[in-house]
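Open the model in your viewer and keep the selection tool at hand. The stops below say what to select next and what is there.

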Amino acid sequence: TTFPSVAGQAEYQIGSVAKINRIWDTANRRFLQPMSMAQYRQLSPEAIADNQGTPTFWIWESYSGTTTQKFDLYLYQTPDAVLTYTADVTSVLTALSADADVPILPTDFHDLLFLGPLVDEYRHLDDSRLTVVERAYREREAQFKYWMHESASGMTSISSGIAMASQLGSEFPAGS
């Protein structure tokens, strides 16, 4: 998800978020580092007013909201200009209660949403169809997990031809 900063404003909210994994400053092409609230308060009791500049840290404050959970955070230093930030987040699962609600699962795996409860129901009823449905559910679950790990590893066909920088340092070949 993305959010813009506001000059002179330190506190922000990101909706439908369970966890922030990292925040990227798109203009300066760098990650903001996490900081604890205790560290933030030690820097200055008036950190919002007297420490303005380009933020290098983000601070988790709390969760808020009742129907839509929000992630409250501070940026340090308090932004002195408008910048756009990209946050890698773990989304909050929401109930599929309205007609237009869409699950966050990729469309190709929506069948898992009915196979899982069907397995549970057949088990509860001691139905003979349990083994067939359970096998189908386990196969689709394995396919979904494979798809998730393949996507997370960055080894998809899109990035396979691009030389990536070494994660081990400059003394090692690209991609290692």
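A polar contact here is a pair of N or O atoms within 3.5 Å; within protein, one must be able to donate a hydrogen and the other to accept it. Keep in mind throughout that this is a predicted model.

**Stop 1: D25**

Select D25, which lies in strand β3, residues 17-25. Is D25 buried or exposed? Its relative accessibility is 0%, so D25 counts as buried. Now add A27 and show the backbone: the nitrogen of A27 lies 3.1 Å from a polar atom of the D25 side chain. To see the surroundings, add R30, L32, T54, L83, T84 and Y85; D25 touches these residues, leaving aside those up to four places away in sequence.

**Stop 2: from Y85 to the rings**

Keep Y85 and add F3 and Y12: F3, Y12 and Y85 form one aromatic cluster. Across the whole structure, a search finds eight aromatic pairs. For one of the pairs, select F109 and W147: the ring centres are 5.9 Å apart and the planes stand at 50°, so the pair is tilted. This pair links distant parts of the chain, with F109 in the loop between β9 (84-91) and α3 (112-125), and W147 in helix α4 (residues 130-153), 38 residues apart. F109 has 8% relative accessibility and therefore counts as buried, whereas W147 is partly exposed, at a relative accessible area of 33%.

Leave W147 selected and swap F109 for F144. F144 and W147 form a stacked aromatic pair, 6.3 Å from centre to centre with 20° between the planes. Both residues lie in helix α4, three residues apart, which is about one turn of the helix. F144 is buried, with a relative accessible area of 18%; the cut-off for buried is under 20%.

**Stop 3: helix α3**

Select α3. The helix has 14 residues and reaches 20 Å from its first C-alpha to its last, close to the 20 Å expected at 1.5 Å a residue. Which residues of α3 are buried? They are L112, L115, V119 and Y122. Turn the view to look down the axis of α3: its buried residues fall within an arc of 90°, so they line one face of the helix. On the face turned away from that buried side, select the exposed residues F114, D120, H124 and L125.

Finish just after α3, at D126, where phi is positive, at about 55°.

How values were computed: Residues numbered from 1 in each chain as written. Predicted model: local features only at pLDDT ≥ 70, side-chain atom pairs only at ≥ 80, totals over all residues. Heavy atoms only, no water. Phe/Tyr/Trp six-rings, centres within 6.5 Å; stacked < 30°, edge-to-face > 60°. Helix = DSSP H or I, 4+ residues; strand = E, 2+ residues; numbered from the N terminus. Buried < 20%, exposed > 50% of the residue type's maximum accessible area, 1.4 Å probe, protein only. Expected span 1.5 Å × (residues − 1). Arc of directions from axis to C-beta. Contact = heavy atoms within 4.5 Å.
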